[in-house]
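The following report describes selected side-chain contacts and helix packing for a reader at the bench. Please keep the sequence and the structure in view while reading.

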There are 2 protein chains.
Amino acid sequence: MTVLGAIEGGGTKFVVGIGTSDGTIIETESFPTTTPEETMERTVQFFLNKGVEAIGFGSFGPVELNRASDTYGHIAKTPKPHWSGYDVVGHLKRHFQVPIGFDTDVNAAALGEATWGAAQGLNSCLYITIGTGIGAGAVVEGKLVHGLTHPEMGHIVVPRHVDDTYAGKCPYHGDCLEGMAAGPAIEERWGVKAYELGEDHQAWEFQAHYIAQALMNYILILSPEKIVLGGGVSKQRHLFPRIHEKLRQLLNGYVQHPAILTDSASYIVSPGLEDRAGITGSLALAVQALREQC
Amino acid sequence: MTVLGAIEGGGTKFVVGIGTSDGTIIETESFPTTTPEETMERTVQFFLNKGVEAIGFGSFGPVELNRASDTYGHIAKTPKPHWSGYDVVGHLKRHFQVPIGFDTDVNAAALGEATWGAAQGLNSCLYITIGTGIGAGAVVEGKLVHGLTHPEMGHIVVPRHVDDTYAGKCPYHGDCLEGMAAGPAIEERWGVKAYELGEDHQAWEFQAHYIAQALMNYILILSPEKIVLGGGVSKQRHLFPRIHEKLRQLLNGYVQHPAILTDSASYIVSPGLEDRAGITGSLALAVQALREQC
């Protein structure tokens, strides 16, 4: 049995785990994200003597994914103290002479959902998480989307809701998607946390508006075969029918596919891997790294 | 020498051509798009006895690209009279027993630019054309983007310019990108054709606003290594610096790459294949079809 390591490196906490190439997570541990040295050392300690044959690392961003770059595997410039420029992959390589798969946390989750989750068996999918931030990763023709850098889909611009006067919370873009629809924007706009708002609160009308417009743009640009909606917001089950309805209205019959015209409830879904999308996605990065080596 | 056929099937005119696998177009002919029977018959006549070993067809859309579908290679439901459901690939196959590559016209152009044009040697690019409509195709990790259907990037939503009161011309979405920034919207809004407007006209401020916001979203979602801007609007050279400037302001340092921070003039460029992007892209589809067969 091939034993693989998985790291879900979030900005707030790290989850590390051991799993197998069929997507099973056997053992996990989690701890707060502190300084890079301390956090990575604790990560290394977890994997020591476990015989991992590859490690997958889904990291908070931005990260350098260009393999031709001298800074491949580093955290890029980030407001998070001490982490800018830290060589996370290098740190792992000093301790483990095994293939290391490295990508963004949302790309890892997208790969996990495509491999063992809600998009299993499909060539494409989009994974989006809405929580303290908004991020998304995508699989196209069986491969994770990269290019100039990695996608930063949470920061796209979409039209404001006509009744929404909130300025927006993104320090870079003000009223981009994340600035209007992530958890901190909801909390600042209404003075309470999202989960404290009743189902008939106007906040959910706004949320459905922003999420449906974002999905419209993702669909028109990427045409994913499945959309997996994760993060805190996906726990609000009542939001899904609102999003489906808004999206149908927005697209207005333009994309002629049953998934959108009649069957959006099975097109836009919760993560098949539930709360394990992140760590299992990192396991999928390990599997991919092992395969690429062969 | 391998002789290949290329078809740029537009809604207004068809361009057919013969070329070679190095991207050279040897001979072309063009004629108006009339009924499907007449147009396809004229296409067939052009290729008869020319010994083509594969044909690439970049078609106006929407088209069915799912190879598992009974209607693969058909034009999908379109307002264009007589063409809805027409089996264009089937028509070709009845006359030519060779591999046929089939995709949208903008995907073909994107592949052409990635193979022999402005994005040659890169793993990803975006090709966008702004003319009587707005369409775009993309290459990601070396492959054209498909999924549920094909992208329809011209119809994304972006925030309106604050001074723009025009309702929008898209019959499906009103003020989507195409509804606000394609040629017919410019003409209806200002009462004259785009090329008749002076360089200091407010119309160009609006155009730069809509195009820069669209590019922002494409970049954040696809992260292409090069953006190729074609179609009638790309002839307006004065528009490029305006777009670069607006895009820099919008992204506001968020995407930390020199292509965007300092070097956008060589990141967002005119087609390397100039006005032959469409037909040469269709030739690239033929090359791809031949390779896939091997």
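Is B:F206 buried or exposed? In this predicted model, B:F206 has a relative accessibility of 3% and therefore counts as buried.

**Aromatic side chains**

The ring of B:F206 is paired with that of B:W190 in a tilted arrangement, with 5.7 Å from centre to centre and 45° between the planes. Because B:W190 belongs to helix α5 (residues 183–190) of chain B and B:F206 to helix α6 (residues 202–222) of chain B, the pair ties together parts that are 16 residues apart in sequence. The two partners can be told apart by their surroundings, since B:F206 is buried at 3%, whereas B:W190 is partly exposed with a relative accessibility of 26%. This pair is one of 22 aromatic pairs found over all chains of the structure. In chain A, one aromatic cluster is formed by A:F14, A:F31, A:F57, A:F60, A:Y72, A:W83, A:Y86 and A:F102.

**Packing of α5 and α6 in chain A**

In chain A, α5(A) packs with helix α6 (residues 202–222) at an angle of about 145°, and the two axes are 11 Å apart. The crossing of α5(A) and α6(A) is right-handed. From α5(A), the contact is made by A:I186, A:R189 and A:W190, while α6(A) contributes A:Q202, A:A203, A:F206, A:Q207 and A:Y210. By character, the residues of this contact between α5(A) and α6(A) comprise five nonpolar, two polar and one charged.

**Salt bridges**

Over all chains, the structure holds 18 salt bridges. Among them are the pairs in the table, each given with its N to O distance.

| Acidic residue | Basic residue | N to O distance |
|---|---|---|
| A:D175 | A:R160 | 2.7 Å |
| A:E188 | A:K169 | 3.0 Å |
| B:E187 | B:K193 | 3.3 Å |

The salt bridge between A:D175 and A:R160 has its closest N and O atoms 2.7 Å apart. Both A:D175 and A:R160 lie in the loop between β8 (143–144) and α4 (177–181) of chain A, so this pair ties together parts that are 15 residues apart in sequence. A:D175 is partly exposed, having a relative accessible area of 26%, and A:R160 also counts as partly exposed, at 31% relative accessibility.

For the salt bridge of A:E188 with A:K169, the closest N and O atoms are 3.0 Å apart. This pair links distant parts of the chain, with A:E188 in helix α5 (residues 183–190) of chain A and A:K169 in the loop between β8 and α4 of chain A, 19 residues apart. A:E188 is partly exposed at 46% relative accessibility, and A:K169 is likewise partly exposed, with a relative accessible area of 38%.

In chain B, the side chains of B:E187 and B:K193 meet in a salt bridge at 3.3 Å from N to O. Here B:E187 counts as partly exposed at 33% relative accessibility, and B:K193 is partly exposed with a relative accessible area of 37%.

**A buried asparagine**

A:N107 is placed in helix α3 (residues 105–116) of chain A. At 1% relative accessibility, which is under the 20% cut-off, A:N107 counts as buried. Leaving aside residues up to four places away in sequence, A:N107 touches A:G137, A:A138, A:L144, A:V145, A:H146 and A:P151.

How values were computed: Residues are numbered from 1 along each chain as its sequence is written. Chains are lettered from A and ligands numbered from 1 in the order in which they are written. This is a predicted model: local features need pLDDT of at least 70, side-chain atom pairs count only at pLDDT 80 or more; totals for chains, interfaces and linings use all residues. Side-chain values use heavy atoms; hydrogens and water are left out. A salt bridge is a side-chain nitrogen of Lys or Arg within 4 Å of a carboxyl oxygen of Asp or Glu. Helices (H or I, at least four residues) and strands (E, at least two) are DSSP runs, numbered from the N terminus. Buried means under 20% relative accessible area, exposed over 50%, partly exposed in between (1.4 Å probe, protein chains only). Axes are lines fitted to C-alpha atoms, for helices over the stretch in contact, and angles run from 0 to 180 degrees between N-to-C directions. A crossing is left-handed if the near helix is turned anticlockwise from the far one by less than a right angle, and right-handed if clockwise. Contact means heavy atoms within 4.5 Å. Ala, Val, Leu, Ile, Met, Phe, Trp, Tyr, Cys and Pro count as nonpolar, Asp, Glu, Lys and Arg as charged, and the others, Gly among them, as polar. Rings of Phe, Tyr and Trp (its six-membered ring) pair if their centres lie within 6.5 Å; planes under 30 degrees apart count as stacked, over 60 as edge-to-face and the rest as tilted.
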